[in-house]
Amino acid sequence: MRKSTIWLLGAVMLFAFFGLLYLQANYIHAIISNQEDQFEEAVKRSLYQVSNDIELEETAKFLDDQIIASNKRYLGKKSTRSSSRIMQGEQQRLSLGGNKSTLSEKKDLSLQSQAIQESWQERYLYNQNLLDQVIRNLMKASDKPIEERLDFDKLNNYIKTELQNNNLELPFTFVLVDNNKNIIFGNEDINSCHGKRIYSQVLFPKSSDNKVYTLKVVFPTERKYVLNSVSFIVPSLVFTVVLLLIFISTLYVIFRQKRLSEMKNDFVNNMTHELKTPVASISLAAQTLNDPGLKNSPRLMESARAVIGDESKRLGFLVEKVLQMSLFEDGATQFKMVDVDVNDLIASIANTFVLRVEKAGGTLDIELEALESTIMIDKMHFTNVLFNLMENAIKYRNPNKSLELIIKTANVGDRVQITIQDNGIGIKKENIKKIFDRFYRVPTGNRHDVKGFGLGLAYVKRIVNELNGTIKAESDYGEFTRFIISLPSVKI
């Protein structure tokens, strides 16, 4: 699949995922806003009912008091009137003793009708007087202190009950303030509750201006209560994000594998080309040795044998690179760990490598300053690590100046630090982060004499990491390159 096609598919998928996330975020926001509006409406309805209940309770209290007082007055007047009526009836009966029974009955009916009318009139006047008295008392009550008009314990119960009636069962804090914002009741100044909505309701709204009291209520867990209403959609959002991360990871793996595939193809092509040259040279030298006419020419015979020897070594080097590649593919490396004095190892390697450096027109200096120089390593693999780094110094030397290769050892804490530095062509900053990647080769511009497969430094990093060490590269393009290896020292 072409890279442009992969990018296009990736862009479409990312657009779809982010579009889905955007829609879900908007949906959640709409639900939360709706829940907040419903919550606010329910609280306002509850607090209004609390205010109404308080006024009804106060009215009922005055009404009860007035009924008791009026009943006492009414019963006293009624007993007096009943006695007067009995005496009047008795007098009429004695004075009219000789009248006929028919006339007596008519008068009795008239008296009963009059009594009923008087009773209804008395009840009307009684109720009217009762209501007038209650209204007058209520108007007088507005001038009383709030402590005499309101039971604060009942106020808390009123709020709790009305909230429950509106299906709001969550903790709350309230205070009662006057028109000067002084707290009349409440232990906490809810105005200091930053980020919390304060719900207000005026109590006794028809009182005089200087007797207006405001009930303020705050719900500390309001936000949590509202968010719990959309908790059902959180898993969906989480799964969407997980799918997005999986997709991005998959896309990364695809591009990485494509890049590795391209590098492997380049490696195979390069390896094929590299193998052709020594095989052809060996074949030509073998034909030369088999030519009967050249048996009398020792110089040509020696030259043919030298070609076969050199090209055989070159083939061995190429085979070693292939084995290094298989090392990465297998994912497992067998080490034979031994204690080695790194100063002695470097001195031994330098003795065998100095001729190659001098042949390249350079010098090799070693500075063995590590006092605790024993490390636990696989000697063969670590020797290959040092050879790889030193060969790179020769391979990438600056043609305009003499090669200077320096190898140092030093103790840094409980570790041994090995530094290999050269004054070669250096590495650009944008390339230095990639030099330890498999198959990666630093571009060398117009230079085509530098051969390689991009496995050497990847092999070096792999071995150093397996030995519980670290390696980093530092470089100034055109000036120097420095590799620093750090390994734990072994106490002896």
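How many of the six residues of strand E4 (residues 213-218) are buried? Keep that puzzle in mind as you look through these close-ups of a predicted model.

**Figure 1. The whole chain at a glance.** Before zooming in, it helps to meet the chain as a whole. It has 492 residues, and buried residues make up 33% of them. Along the chain there are eleven helices and eleven strands. Its accessible surface comes to about 30900 Å², with 55% of that belonging to carbon and sulfur atoms. Look also at which parts touch: among contacts between residues at least 6 apart in sequence, 74% join residues at least 24 apart.

**Figure 2. Strand E4 and its covered faces.** Here is the reply to our opening puzzle: six of the six residues of strand E4 are buried, so the strand is largely enclosed by the rest of the structure. In a regular strand, side chains alternate between the two faces of the sheet. Try following this in E4, where Tyr213, Leu215 and Val217 lie on one side and Thr214, Lys216 and Val218 lie on the other. Both faces are covered, and each of these residues is buried.

**Figure 3. The partners of strand E4.** Strand E1 (residues 173-177) runs antiparallel to E4, and five bridges join the two. Strand E3 (residues 198-203) is also antiparallel to E4, joined to it by six bridges. To find your way, start at valine 217 in E4: phenylalanine 174 stands opposite this valine, and valine 217 is also the bridge partner of tyrosine 199.

**Figure 4. Inside the largest nonpolar core.** This core has 40 residues, and Phe382 and Ile485 are the ones that touch the most other members. Several helices and strands each supply at least two residues of this core, including helix H8 (342-359), helix H9 (379-395), strand E9 (415-422) and strand E11 (480-488). Setting aside residues up to four places away in sequence, phenylalanine 382 touches Val342, Leu345, Ile375, Ile377, Ile418, Leu467, Ile485 and Leu487. Another core, of 23 residues, lies apart from this one, and among its members are Leu150, Phe172, Leu176 and Tyr199.

**Figure 5. Threonine 419 and its contacts.** You will find threonine 419 in strand E9. Is this residue buried or exposed? Threonine 419 counts as buried because its relative accessibility is 11%, and buried means under 20%. Leaving out neighbours within four places in sequence, threonine 419 is in contact with Ile406, Ile407, Lys408, Arg482, Phe483 and Ile484.

**Figure 6. A salt bridge between distant parts of the chain.** Side chains of opposite charge can pair when their charged atoms come close. The side chains of arginine 197 and glutamate 40 meet in this way, forming a salt bridge of 3.4 Å, N to O. Arginine 197 sits in the loop between strand E2 (183-185) and E3, while glutamate 40 belongs to helix H1 (residues 3-95), so that the pair links distant parts of the chain, 157 residues apart. Arginine 197 is partly exposed at 30% relative accessibility, and glutamate 40 is partly exposed at 23%.

**Figure 7. A salt bridge within helix H1.** Glutamate 41 and arginine 45 also meet through their side chains in a salt bridge (3.9 Å, N to O). Why are these two separated by about one helical turn? They are four residues apart in helix H1, which accounts for that spacing. Glutamate 41 is partly exposed, with a relative accessible area of 46%, and arginine 45 is partly exposed, with 42%.

**Figure 8. A salt bridge between two strands.** The side chains of lysine 408 and glutamate 367 form a salt bridge at 4.0 Å, N to O. Lysine 408 lies in strand E8 and glutamate 367 in strand E6 (residues 363-368), so the pair ties together parts that are 41 residues apart in sequence. Lysine 408 is partly exposed at 35% relative accessible area, and glutamate 367 is partly exposed at 31%. Elsewhere, salt bridges with shared partners join Glu40, Lys44, Arg197 and Glu222 into one network.

**Figure 9. A nonpolar patch on the surface.** Val234, Val238, Phe239, Val242, Leu243 and Ile246 make a nonpolar surface patch of about 540 Å². Take valine 238 as a landmark: this residue is found in helix H6 (residues 234-290). Valine 238 counts as partly exposed, at 43% relative accessibility.

Methods. Residues are numbered from 1 along each chain as its sequence is written. This is a predicted model: local features need pLDDT of at least 70, side-chain atom pairs count only at pLDDT 80 or more; totals for chains, interfaces and linings use all residues. Side-chain values use heavy atoms; hydrogens and water are left out. Patches are made of residues with over 30% relative accessible area and no salt bridge: like charges are joined within 9 Å, nonpolar side chains (Val, Leu, Ile, Met, Phe, Trp, Tyr) within 5 Å. Accessible areas come from the Shrake-Rupley method with a 1.4 Å probe; for residues, only the protein chains shown count as cover. Buried means under 20% relative accessible area, exposed over 50%, partly exposed in between (1.4 Å probe, protein chains only). A nonpolar core is a set of buried Ala, Val, Leu, Ile, Met, Phe, Trp, Tyr and Cys residues joined through side-chain atoms within 4.5 Å. Contact means heavy atoms within 4.5 Å. Two strands pair if DSSP finds at least two bridges between them.
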